[in-house]
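Reader: I would like the labels used for this model explained. Please set each value against its definition.

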Amino acid sequence: MKINEGRTSIQTSRAQNDLVFALDIGTRSIIGLVGVVRDEKLHVLAIDEEEHVRRAMIDGQIEDIEQVAKVARHVKERLEKKLECNLTNVCVAAAGRALKTQKAFCEMEFDKPQRVDEEIIGRLEAGAIERAEEAFAQEMDQEERQFFLVGYTVTQYLLDNYPISDLLDHQGKKVSADVIATFLPSEVVESLYTTMSKVGLEVASLTLEPIAAINAAIPENIRLLNLALVDIGAGTSDIAISRDGSIVGYTMATVAGDEITEALMKNYLVDFQTAERMKMDIRDQEEIEFTDILGLPHTVSNDEVRVCIDGSFKTLCKEISEKILSVNGTAPSAVFLAGGGSKLADMRECVAKYLEMDLNRVAIAGNNFSVNAVSEEYDLNNPEYATPLGIAISAGLNMINDSCHVMLNGKRSKLFRSGSLTVMDILMMNGYRSQDLLARSGRNIVIQLNGKRKIYHGTPGIPSKLEVNGEETKVSYIVHAGDQIHFTPASDGENAKITLADIVEPGYESRTSVNGKMVPLDTLLKTGDVVITGKGEDLPERETPVIPKKTEPKEKVRQEEKPEVKTAVKPIKNVKEKPKDPEPVKHVKSSQVCKFVLNGEPLLLLKKEDRSPYFLMDLVEYSGIDLKNPDGVLQLRVNGQESYFQQELKSGDKIDIYLQKNNMGDK
């Protein structure tokens with residue numbers, strides 16, 4: 001790349017915000033790649049790589065989040081320095097450990113032939129995904145772990161019962177789609193998002209590593225052939241199969257390059273890094289020199305090292321071959337080997353032997369990378385680039401199926417599907433908490449003033465606002481593909497703030513004490529303070545208005561009209577916190593009180609000082625439910641009807657707030 005041309009290209013790309021940043025979070029190392037899409041190809045601008053200093057990942061799964069984040073941050077910062085830009089969004093792929101797949105079919109029929117647009121295709125694919133999720137949920141009914149849908153591929157479209165590669169803009173009465181949905185344990189996906197968050201990156205797209213690798217190594221123009229792509233990493237070997245123009249299956253083997261490294265460590269008493277170097281030296285060194293953990297130098301022959309790793313090496317090749325056969329049913333027409341493990345000596349020969357294929361039909365991936373990616377600075381013909389290139393190509397060239405996306409506040413939401421999802425699920429997946437739904441009033445200050453109890457109220461909170469597709473709704477609403485969610489979190493009210501000067505009658509400043517002591521007039525009062533002002537015969541005849549500082553509402557409660565009315569809250573199941581006791585309602589007119597029935601028991605509350613209504617969220621604190629650690633799904637009902645936090649209440653309403661156990665598993 002010529003420097004001037006490169007800088008101009010980068011600046012233009014940055015201005016247009018079309019840089020594609022991909023991170024391949026591997027077991028051995030992290031590879032970062034930045035490119036820009038021009039003329040339907042990914043033009044790679046920069047690549048950076050760093051190995052983990054210790055085993056922070058096992059079998060493609062992040063074990064030490066802090067350590068992986070540290071290495072990823074180094075890669076990101078070096079790329080930013082080289083390109084003179086800030087990288088904020090990243091494209092990633094999840095490893096295939098514990099990968100599970102589910103096939104499904106969906107069909108749509110119309111009254112008369114019509115043009116198939118993007119909306120119809122989206123509904124068709126979403127329907128197939130929902131069926132896949134239902135079937136998967138039935139199969140995994142006894143599984144304790146939670147799984148998320150992380151990707152899917154359409155294996156076949158049909159238009160009026162005839163196979164077709166692309167439905168868009170065709171005319172027909174009936175369309176159908178076969179899909180393969182891919183599921184991974186929640187901890188695999190969540191650890192990846194957590195790590196990226198610690199690096200200061202927002203995940204722009206998520207795919208599966210074998211999907212990414214096959215998009216780089218086996219472009220669409222050769223997928224009519226029955227081909228297998230094997231991405232051999234350090235911890236896992238991811239496998240994808242193509243046939244008849246589509247990707248028809250995925251699987252993975254939990255054996256990879258680490259098994260060979262560990263065999264060398266045990267046999268020669270060397271550390272991990274030394275064993276890794278020895279493994280690579282087998283390809284081109286007749287004699288291999290190393291120093292063991294005792295500090296003793298050694299020189300061994302190439303043949304001796306091969307004998308040492310023979311068992312592990314054959315196990316790796318046999319496992320890969322068996323996995324290919326289990327998905328494909330027979331040996332494919334050709335096999336492409338990618339990843340660092342593909343560089344192991346005799347790997348092609350051994351895989352060909354177990355698959356009973358001609359050696360010429362087993363190749364090292366890389367020669368097809370140029371179909372979708374180019375670079376003037378880097379040699380991309382490297383099998384280790386299959387996954388990072390594939391991640392960037394998949395995102396940049398829109399190869400990731402996203403018919404099931406949901407928009408949250410104008411941005412594509414992070415969406416971990418595991419069956420039907422509610423708005424609450426979407427909010428929780430995207431960083432919101434239960435507390436964001438509840439507007440809590442500011443804390444009150446309760447003091448004794450001249451022997452009488454006085455309450456100074458905090459300001460009321462601002463309720464949250466929740467809309468789906470422009471209509472106000474509840475958090476239990478089931479979301480659908482393409483839904484537009486707008487959520488404004490609740491804002492807590494300000495705590496009451498009262499100084500001594502706010503309550504002292506003019507002329508009595510010098511005769512006022514707080515808890516028996518003379519204090520400055522700017523002293524902030526707190527709950528429990530005892531304030532005495534004036535002499536006995538000089539005590540003020542009227543009560544001080546119950547107001548927060550800097551507001552002038554009228555007095556809410558007078559002290560002379562009715563006997564005390566006691567309130568009670570019925571204990572309910574699944575209570576983790578003691579329910580909040582309402583402020584005693586003493587000597588008030590009925591017009592100043594809101595009367596509710598909460599969980600079958602009366603609840604009397606003073607009307608709010610600003611005369612604003614009570615919302616359902618206001619009563620949650622009186623139910624005793626611990627929203628930080630709920631034991632089930634929060635159920636809200638008003639007058640027997642399912643409701644939502646923002647519902648406005650009227651005096652006399654009957655409210656039920658309780659937790660219901662979720663038998664379908666945690667969400």
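Author: The turns below take up one residue, a sheet with its helices, a further helix and a core.

Author: This is a predicted model, in which local features need pLDDT of at least 70 and side-chain atom pairs count only at pLDDT 80 or more, while totals for chains, interfaces and linings use all residues. Residues are numbered from 1 along each chain as its sequence is written, and side-chain values use heavy atoms, with hydrogens and water left out.

Reader: Why is T182 called buried?

Author: Buried means under 20% relative accessible area, exposed over 50%, and partly exposed in between (1.4 Å probe, protein chains only). T182 has a relative accessible area of 0%, so it is buried.

Reader: Which residues is T182 in contact with, neighbours within four places in sequence left aside?

Author: Contact means heavy atoms within 4.5 Å. On that basis T182 touches L99, K100, T101, F148, L149, V150, G151, L208 and Y250. T182 itself lies in strand β10 (residues 171-185); strands (E, at least two residues) and helices (H or I, at least four) are DSSP runs, numbered from the N terminus.

Reader: What makes β7 and β9 edge strands?

Author: Two strands pair if DSSP finds at least two bridges between them. The open sheet of four strands is ordered β7-β10-β8-β9, with antiparallel pairing. β7 (100-115) and β9 (162-164) each have a single partner strand, so one side of each lacks a neighbour in the sheet. Twelve bridges join β7 to β10, and Q114 stands opposite G172 in β10.

Reader: Which helices lie across β10?

Author: Helix α3 (residues 118-139) lies across β7, β8 (147-159) and β10, at about 145° to β7. Helix α4 (residues 186-198) lies across β8 and β10, at about 85° to β10. For these angles, axes are lines fitted to C-alpha atoms, for helices over the stretch in contact, and angles run from 0 to 180 degrees between N-to-C directions.

Reader: How do you know that the span of α6 agrees with its number of residues?

Author: The expected span is 1.5 Å times one less than the number of residues. For the twelve residues of α6 (residues 257-268) that gives 16 Å, and the end C-alpha atoms are 17 Å apart, which agrees. Just after α6, L269 takes a positive phi of about 55°.

Reader: What makes a set of residues a nonpolar core?

Author: Its members are buried Ala, Val, Leu, Ile, Met, Phe, Trp, Tyr and Cys residues joined through side-chain atoms within 4.5 Å. The largest such core has 74 residues, of which L23, I25, L42, M196, L229 and L389 touch the most other members. Helix α2 (residues 65-83) gives the most to this core, with seven residues.
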